[in-house]
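This report goes through the strand pairing of one protein chain and then turns to its overall make-up. The sequence and the model are shown first.

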Amino acid sequence: MQTAIAIPKIPVGDIRTFGALGPKYEVGKPLRPLNEYDWLIEVTVLESGEKVEYPLSNIQDDPKAV
């Protein structure tokens, strides 16, 4: 029997920066679980429009953009 992994609250639509000084990105949809505590999330880099995969744990640590 498989155990279902619940999708945590994802701040979809939030604009954040990669670290304190990095480029801005928009948080997108959840893609898949990395483990029982973390998820891989699609984010869009605002400067380039590039879509990349980024761990939710990193998103939660990144500051909201101003």
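Glu26 has Thr44 of strand 3 as its bridge partner. The model is a predicted one. Val27 stands opposite another valine, Val43 in strand 3. Strand 2 covers residues 24–33 and strand 3 covers residues 39–45. The two run antiparallel and are joined by six bridges. The connection from strand 2 to strand 3 is a hairpin of five residues.

Thr44 also has a partner on strand 4, where Lys51 stands opposite Thr44. Ile41 of strand 3 is likewise bridged to strand 4, with Tyr54 as its partner there. Strands 3 and 4 run antiparallel and share five bridges. Five residues lie between these strands in their hairpin, and one of the residues in this hairpin, Gly49, has a positive phi near 80°.

How much of strand 3 is buried? Six of its seven residues are, so the strand is mostly covered, buried here meaning under 20% relative accessible area.

At the other end of the strand order, strand 1 is joined to strand 2 by three bridges, again in an antiparallel arrangement. Thr17 stands opposite Lys24 in strand 2. The hairpin of strand 1 and strand 2 has six residues between the strands, and Gly19 in this hairpin takes a positive phi near 70°.

The three strand pairs are set side by side below.

| Strand pair | Bridges | Direction | Residues between the strands |
|---|---|---|---|
| Strand 1 and strand 2 | three bridges | antiparallel | six residues |
| Strand 2 and strand 3 | six bridges | antiparallel | five residues |
| Strand 3 and strand 4 | five bridges | antiparallel | five residues |

Taken together, the four strands make an open sheet in the order 1-2-3-4, with antiparallel pairing. Its edges are strand 1 (15–17) and strand 4 (51–55), each of which pairs on one side only. On average, neighbouring strands of this sheet are turned by 50° against each other, direction ignored. In general, strands of a sheet pair through backbone hydrogen bonds. Side chains in a regular strand alternate between the two faces of the sheet.

Which elements does the whole chain contain, and in what order? Read from the N terminus, the order is β-β-β-β-α. The count is one helix and four strands.

The C-alpha atoms of the chain fill a box of roughly 45 × 20 × 15 Å along the principal axes. The chain has 66 residues, of which 30% count as buried. Its exposed area is about 4,600 Å², with carbon and sulfur atoms supplying 53% of it. Among contacts between residues at least 6 apart in sequence, 32% join residues at least 24 apart.

On the charged side chains, the chain carries 7 positive and 10 negative ones. The centres of these two sets lie 6 Å apart.

Key
Residues numbered from 1 in each chain as written. Heavy atoms only, no water. Pairing = 2+ DSSP bridges. Axes fitted to C-alpha atoms, helices over the stretch in contact; angles between N-to-C directions. Buried < 20%, exposed > 50% of the residue type's maximum accessible area, 1.4 Å probe, protein only. Contact = heavy atoms within 4.5 Å. Areas by Shrake-Rupley, 256 points an atom, 1.4 Å probe, with all protein chains shown as cover. Lys, Arg positive; Asp, Glu negative; His and termini not counted. Charge placed at Lys NZ, Arg CZ, Asp CG, Glu CD.
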